[in-house]
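Here's a quick walk through some backbone oddities, a bit of strand pairing and the cavities. Have a look at the model first.

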Amino acid sequence: MKPIYDHFLFGGDWNPEQWPEETWEHDIEMLEDAHINEVTINVFSWALLQPAEDRYDFTMLDKIVALLVKHDFNIVMATGTAALPGWMVRLHPEIIRTEQNGTRHVFGGRHNFCPTSPYFREASRALAAHVAERYTGTPGLVNWHVCNEYGGGGGLCYCDQCAESFRAWLKAKYGTVEALNQAWCANFWSHTITEWADVVPPVSYGDGIGDAKCVVSGLQMDYRRFQSQAQLACYKNERDAIREYDAVTPITTNLMGTFKDLDYFEWAKEMDVVSWDNYPGMDTPSSFTAMCHDLMRGIGGNKPFMLMEQTPSQQNWQHYNSLKRPGQMRAQSYQTIAHGADTIQFFQLRRSKGGCEKFHGAVIAHVGTNDTRVFRETAQLGGELESFGTRTLGTRNKSDVGIIFDWDNYWALEYTSGPTQDLKYVDQIHRYYEYFYNKNISVDMIPVDGDFSKYKVIAAPVLYMVKEGMKEKLEQFVKNGGTLITTFMSGIVDQSDNVHLGGYPGPLREMAGVWVEEIDALAPEQSNTVRFSDGKEYKCNLLCDLMHPEGAEVLATYESDFYAGMPAVTKNSYEKGHVYYVATQLEAAGLARVLDEATDEVSVSGVIAEETGLEITCRESENTRFYFVMNFTDEKQTLPASLAGMVDLITGEAAKKGDVMNKWDVKILQETL
């Protein structure tokens with residue numbers, strides 16, 4: 001496919017407004033020494049650009065832009081709306097967000113606006129329009145960046161304006177209070193609605209289920225959907241203002257991986273290119289980071305994405321902000337490219353002098369020189385990216401495996417009351433993803449309304465909510481020869497979080513060939529054992545479905561408790577395809593046993609045949625494959641023999657049989673088709 005950019009973007013957030021003007025030129029010269037060719041500016045400048053309600057001032061931003069143009073930098077121009085000015089909150093207090101307990105925020109921080117505030121919509125659009133009118137056509141302008149990290153840290157808003165807007169949203173969706181009552185099962189606990197005015201946001205209820213839960217499940221689900229769409233409307237509002245002046249430059253906003261509050265599949269449909277911020281913790285598995293990259297690629301239709309932010313050294317906001325070890329930032333950057341990125345950008349380019357991010361890493365440290373480890377590593381990476389330039393741009397990741405990720409399921413599964421507080425949606429998705437990662441099998445993260453026909457295998461762990469149309473799509477996939485893998489807590493409820501009657505797993509029951517009668521929750525110290533037909537046994541925990549086969553082949557059974565001998569893993573033939581049902585949380589080896597069988601029978605394999613401890617990911621064009629080979633383990637690894645002889649883009653030398661790769665080592669090996 002045609003790349004978005006004509007060269008690889010390497011840069012990040014630069015905040016010269018925090019520094020005296022006489023330091024700017026020196027910053028630029030240092031960034032040039034690090035081969036940085038792009039800067040993101042104007043993210044947090046609303047108070048400077050609009051110092052009063054009736055006045056704009058672009059003096060400082062004009063100087064910054066002129067300096068960047070002088071030095072031929074690429075520019076990602078933000079709209080400046082990421083934090084509210086103090087005067088705006090003082091004059092229009094209704095603009096600020098209200099917490100679930102009714103406490104209204106005060107001026108300060110960011111992500112603090114009410115997404116339904118008419119004044120915020122008007123003021124943010126006006127600023128975006130002024131910025132776009134002034135800087136459209138600027139040499140080097142490659143992307144617009146709307147606001148920043150929508151939803152992060154500020155939570156949802158529960159103010160009166162949101163309540164009013166929510167009622168209007170519900171009227172448009174359901175039409176009548178009778179339809180609303182039916183969808184919400186509102187006769188439960190006398191929550192029947194007689195007038196729209198009776199509807200309130202899902203504030204704290206108590207009743208022993210905690211603040212994160214809600215007595216009326218359908219209300220919680222709809223409020224989540226409404227708030228995600230309300231914030232998306234804010235993004236579209238600024239985007240459309242830009243489009244009045246610039247019809248061609250891509251527009252984005254930076255997303256945050258598996259962030260819970262916003263339905264990113266819905267958001268990506270409104271973005272020209274997906275961008276996201278990657279901040280793994282000190283103990284984050286490399287497989288989880290890879291999964292997040294694949295998710296961000298997936299929400300954008302499996303097209304290349306932007307890495308808008310990562311730290312070159314350390315974060316400032318996690319519990320333990322350890323330094324990235326020598327070579328780690330470089331390896332993680334190449335992992336990002338391997339999974340679909342066409343940019344590498346940092347937050348930040350110069351370390352802040354004050355504020356809460358003064359200990360957040362940057363390319364230019366507080367010492368202000370290029371004589372630092374981080375600067376040298378950044379310059380090394382920049383030089384390498386510059387050397388092989390456009391060769392990987394626009395190349396694609398191709399996959400035979402899809403994993404369904406669905407924000408409605410995410411919300412519903414974690415906001416329902418029972419059967420266990422330890423069931424986490426993202427953790428369950430990662431357990432399945434990790435298997436494929438360890439086998440170097442490429443995975444696409446796909447929505448429930450995606451094109452299933454491209455895949456041989458689809459994994460749908462804890463597919464708790466089966467919405468309208470999903471049953472038919474999954475059945476068609478299996479009938480055509482696909483293999484579906486699903487698990488406990490699947491097929492339980494509809495889109496309003498009401499139970500599908502007639503036995504679990506509801507709409508999936510026929511094609512899975514099983515009926516689940518009960519669900520047993522195991523405390524953390526409890527476990528059971530699963531025994532396969534060859535006698536091999538594996539531990540299981542968390543949840544155990546008590547199920548009966550209805551045509552499915554029993555692959556494994558429970559070994560203890562009153563349900564000893566009942567099926568724990570089944571396989572059902574359904575026309576040309578198969579459905580695997582995993583009724584409990586198996587230990588990794590047991591899960592691998594099931595997934596080995598599922599993938600082997602449809603000839604799904606890794607990007608290379610050999611087993612290895614290396615991560616090997618492939619991006620390809622019509623005539624070239626690029627194998628990204630990375631060692632994220634603590635042990636030395638030997639390069640697989642099948643890759644020997646291919647030329648490394650980084651060094652220009654051919655890889656040799658027996659090459660040893662240390663931790664954080666990277667090769668990008670090119671194969672001509």
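Strands and helices here are DSSP runs numbered from the N terminus, with at least two residues (E) for a strand and at least four (H or I) for a helix. This is a predicted model, so local features need pLDDT of at least 70 and side-chain atom pairs count only at pLDDT 80 or more, while totals for chains, interfaces and linings use all residues. Residues are numbered from 1 along each chain as its sequence is written, and side-chain values use heavy atoms, with hydrogens and water left out.

**Backbone oddities**

Most residues other than glycine have a negative phi, and most peptide bonds are trans. Against that background, L542 has a positive phi of about 70° although it isn't a glycine. L542 sits in strand β16 (residues 537-549). Is L542 buried or exposed? With a relative accessible area of 9%, L542 is buried (buried is under 20% relative accessible area, exposed over 50%, partly exposed in between, with a 1.4 Å probe and protein chains only).

E575 is another non-glycine with a positive phi, about 50°. You'll find E575 in the loop between β18 (567-574) and β19 (577-582), and at 61% relative accessibility E575 counts as exposed.

Then come the cis peptide bonds:

| Cis bond | Omega | Place of the proline |
|---|---|---|
| G418 and P419 | about 0° | P419: loop between α13 (407-415) and α14 |
| Y504 and P505 | about 0° | P505: loop between β13 (483-487) and α16 (509-512) |

**Strands around β26**

Two strands count as paired if DSSP finds at least two bridges between them. Strand β26 (residues 666-672) runs antiparallel to β22 (residues 624-630), and seven bridges join them; R625 stands opposite E671 in β26. Strand β24 (residues 647-648) also pairs with β26 in the antiparallel sense, over two bridges, and here V647 faces Q670 of β26.

**Cavities**

On a 1 Å grid over the protein atoms alone, a cavity is a set of points where a 1.4 Å probe fits but cannot get out, and lining residues have an atom within 4 Å of a point. Points are joined across faces, edges and corners, and a volume is the space filled by probe spheres set on them.

How many cavities of 30 Å³ or more are there? The count comes to four, and the largest has a volume of about 130 Å³. Of the 14 residues lining the largest cavity, H339, I441, S442, V443 and T617 are the closest to its centre. The elements giving two or more residues to that lining are α10 (286-299), α14 (425-438) and β21 (615-620), and β21 gives the most, with three residues.

Note on methods: On a 1 Å grid over the protein atoms alone, a cavity is a set of points where a 1.4 Å probe fits but cannot get out, and a pocket is an open set with protein on both sides within 12 Å along at least five of seven lines; lining residues have an atom within 4 Å of a point.
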